[in-house]
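Colleague: I am new to this one and would love a friendly tour. Could you show me the structure and then explain how you arrive at the terms you use?

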Amino acid sequence: MRAVAVTEFGGDPKVVDVPKPTPGRGELLVEVAAAAVNPFDWKVADGMLAGSMEHTFPLVLGVDFAGTVVDSGPGATRFAIGDRVFGSALRAPVGAVGAYAEFLTVPDTGPIASAADLDPAQAATLPTAAGTALGLLEAGGIRAGQTVLLVGAAGGVGTFVTQLAAARDIRVLAVTRGVGQTKMGALGAAETYDASGGIVVAKVRANYPDGVDALIDLVSDAADFADYASLIHAGGTAVSTLFAADPEALSTRGVKAINHNQKSTPALYDQLADELRAHRLTVPIEARLPLSDTPTAIARSRLGGARGKTVIIP
Ligand SMILES: NC(=O)c1ccc[n+]([C@@H]2O[C@H](COP(=O)([O-])OP(=O)(O)OC[C@H]3O[C@@H](n4cnc5c(N)ncnc54)[C@H](OP(=O)(O)O)[C@@H]3O)[C@@H](O)[C@H]2O)c1
């Protein structure tokens, strides 16, 4: 079958032929209908998990998928052949299966959920991006009536945070580079700040002299994160997805800082699927591309400039 893989850490992703996986005990074979691109994909290809998980080469890339169960191993009873599912393909050894492939195997007790009644392209975007968005709001304990400064708001995670926050009556101050209030407002942002010329701490402070309740920062390094976090008042929360937060330093001002590491569960995916079915969530799909364009899509993600989600249709 066709898949997209690297042959070494740091190698260029290429379309390759690999054996179709066979479902073992407790596993499902899924024919992939859609896979979503995340920055995590090229980070894994670069060796981000090298110290923490076993890997195998060629390392098939891609984590988030949606597809149809076409076979199952003994003891896999949670889903039947013909069921539509979505979820995360990440497991050890990393690269043995991946979402950028025609088929993959998953443990039926793993992080997958029913995609019945869902567009596979939309379902495929949920695990990492929407899952993290919900996880960030929960980890930060951000409540209705509060204001959150969201840095990196126009990309995959940010567009979901904006919608999920607005639906919970949380006021979103979106920080983008070049995406205006018309687009971010349509997703639920109350205000949008343009950071094309550099970080926008002074502009936000001018509008919120008493500080902001919470920061969710998806893009900043430690120095920029500390500057944005200076806007958070005592008792507030500042969350980074890039391990850029210094909890000790911020605790001296009474700000709780969190370096968030998203964990996925079937229950989380069920919740997100329900949000989609109930039309409480829309998926801003930037591009739908064939499997052959995956190497280009991964290279583009590395360069930045994401506007919503890119989906691969094998
Ligand atoms: N820790 C975890 O559990 C976890 C989970 C999910 C994601 N992440 C990480 O979180 C990050 C964001 O993920 P994502 O999927 O949302 O990425 P993405 O889809 O690539 O979106 C990032 C967005 O941020 C914008 N941006 C970049 N620099 C900016 C700046 N200085 N100010 C304002 N906007 C800026 C980008 O557009 P421009 O380049 O045009 O500005 C893009 O719209 C990634 O590094 C990802 O690996 C971590």
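Modeller: Happily! Keep in mind that this is a predicted model. Let us begin with a pair of side chains: Arg91 and Glu27 meet in a salt bridge, with 3.0 Å from N to O.

Colleague: What makes the meeting of Arg91 and Glu27 a salt bridge?

Modeller: The term asks for a side-chain nitrogen of Lys or Arg within 4 Å of a carboxyl oxygen of Asp or Glu. Arg91 and Glu27 are at 3.0 Å, N to O, so the pair fits the cut-off of 4 Å. The structure holds 7 salt bridges.

Colleague: What does the pair of Arg91 and Glu27 tie together?

Modeller: Arg91 sits in the loop between strand S6 (84–88) and strand S7 (103–107), while Glu27 belongs to strand S3 (residues 27–36), so the pair links parts that are 64 residues apart in sequence.

Colleague: Which peptide bond is cis in the loop between S6 and S7?

Modeller: That is the bond joining Ala92 and Pro93, where omega is about -5°; Pro93 is placed in that loop. Another cis bond runs from Phe57 to Pro58, with omega near -5°. Pro58 lies in the loop between helix H1 (39–45) and strand S4 (59–60).

Colleague: What makes Asp117 worth a mention?

Modeller: Its phi is near 70°, a positive value in a residue other than glycine. Most residues other than glycine have a negative phi, and most peptide bonds are trans. Asp117 is found in the loop between strand S8 (112–114) and helix H2 (120–124).

Colleague: Why is H3 called roughly perpendicular to H9?

Modeller: The axes of helix H3 (residues 126–139) and helix H9 (residues 266–277) cross at roughly 100° and come within 10 Å. Angles of 65 to 115 degrees count as roughly perpendicular, and that makes H3 roughly perpendicular to H9. Among the residues in contact are Leu126, Pro127 and Leu134 of H3, and Leu268, Tyr269 and Leu276 of H9. The contact residues divide into 9 nonpolar, 2 polar and 1 charged.

Colleague: How is the protein divided into domains, and what lies between them?

Modeller: Domain 1 covers 2–125 + 283–313, and domain 2 covers 129–259. Their centres, taken over C-alpha atoms, are separated by 29 Å. Domain 1 gives 10 residues to the contact and domain 2 gives 12 residues. About 670 Å² is buried between the two domains, with carbon and sulfur atoms giving 56%.

Colleague: How many salt bridges are counted between domain 1 and domain 2?

Modeller: The count there is 0.

Technical notes: Residues numbered from 1 in each chain as written. Predicted model: local features only at pLDDT ≥ 70, side-chain atom pairs only at ≥ 80, totals over all residues. Heavy atoms only, no water. Axes fitted to C-alpha atoms, helices over the stretch in contact; angles between N-to-C directions. Helix = DSSP H or I, 4+ residues; strand = E, 2+ residues; numbered from the N terminus. Parallel < 35°, antiparallel > 145°, perpendicular 65-115°, else oblique. Contact = heavy atoms within 4.5 Å. Nonpolar A, V, L, I, M, F, W, Y, C, P; charged D, E, K, R; others polar. Domains from an automatic or database assignment. Buried area = accessible area lost by both parts, 1.4 Å probe.
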